Amino acid sequence: QVQLVESGGGLVQAGGSLRLSCAASGRTFTFSSYVMGWFRQAPGKEREFVAAINTRRSTTNYADSVKGHFTISRDVTKNTTNQQMNNLKPDDTDIYYCAAYRSIYWPDAWSPGIFESWGQGTQVTVSA
């Protein structure tokens, strides 16, 4: 069982930046064996893929809507995945969730069902 804890959400004005972090842990958890990802969800809407990273090779993938202004990274010394979000827009307002699955599988399309473990989520609010 993997535990994921997000931090770093908050309120920011449009054009501002936030950095989300996700700390991963578990009794038999090996960070480099996992793919880590970020999703976001607004009330009444489906959970949407944002970004993913292969923690061993640092390969990344992004949703088209965030390319160029979100950056996912990992710190293998701290078992942490980070997401730097720049030039935020009101449309980026959502609850952001960290997720993980244990595999080398790198899909062509990303869906929540691929991921085995989830954090509780952190609220990001961007004011106009």
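This report covers one open sheet, the aromatic pairs and the charges placed over rings in a predicted model.

**The sheet**

Four strands make up an open sheet, and their order across it is E1-E3-E8-E7. The pairing in this sheet is antiparallel. Its edge strands are E1, residues 3-7, and E7, residues 70-75, each of which pairs on one side only. On average, neighbouring strands of the sheet are turned by 15° against each other, with direction ignored. In general, the strands of a sheet pair through backbone hydrogen bonds, and the sense may be parallel or antiparallel.

The edge strand E7 pairs with strand E8, residues 80-85, in the antiparallel sense, and 6 bridges join the two. Opposite Gln-84 in E8 stands Thr-71.

**Aromatic pairs**

The structure contains 10 aromatic pairs. One of them joins Phe-29 and Tyr-34: the ring centres are 4.7 Å apart, and the pair counts as tilted because the planes stand at 45°, which falls between the limits of 30 degrees for stacked and 60 for edge-to-face. Another pair is Phe-39 with Phe-49, whose ring centres lie 5.6 Å apart; the planes stand at 75°, so this pair is edge-to-face. The Phe-39 and Phe-49 pair links distant parts of the chain. Phe-39 belongs to strand E4, residues 34-41, and Phe-49 to strand E5, residues 48-54, with the two positions 10 residues apart in numbering.

The table gives the relative accessible area of the residues in these two pairs.

| Residue | Relative accessible area | Class |
|---|---|---|
| Phe-29 | 13% | buried |
| Tyr-34 | 9% | buried |
| Phe-39 | 0% | buried |
| Phe-49 | 12% | buried |

Why does Phe-29 count as buried? Its relative accessibility is 13%, and the class takes in values under 20%. Phe-49, at 12%, is buried by that rule as well.

**The aromatic cluster and Arg-47**

Phe-39 and Phe-49 also belong to one aromatic cluster, together with Tyr-101, Trp-106, Trp-110, Phe-115 and Trp-118.

Over which rings does the charged end of Arg-47 sit? One is the ring of Trp-118, a member of the cluster, with the charged end of Arg-47 4.8 Å from the ring centre. The other is Tyr-97: Arg-47 lies over the face of this residue, at 3.7 Å from the ring centre.

Definitions and conventions:
Residues are numbered from 1 along each chain as its sequence is written. This is a predicted model: local features need pLDDT of at least 70, side-chain atom pairs count only at pLDDT 80 or more; totals for chains, interfaces and linings use all residues. Side-chain values use heavy atoms; hydrogens and water are left out. Two strands pair if DSSP finds at least two bridges between them. Axes are lines fitted to C-alpha atoms, for helices over the stretch in contact, and angles run from 0 to 180 degrees between N-to-C directions. Rings of Phe, Tyr and Trp (its six-membered ring) pair if their centres lie within 6.5 Å; planes under 30 degrees apart count as stacked, over 60 as edge-to-face and the rest as tilted. Buried means under 20% relative accessible area, exposed over 50%, partly exposed in between (1.4 Å probe, protein chains only). A charge sits over a ring if NZ of Lys or CZ of Arg is within 6 Å of the ring centre and within 35 degrees of the ring normal.
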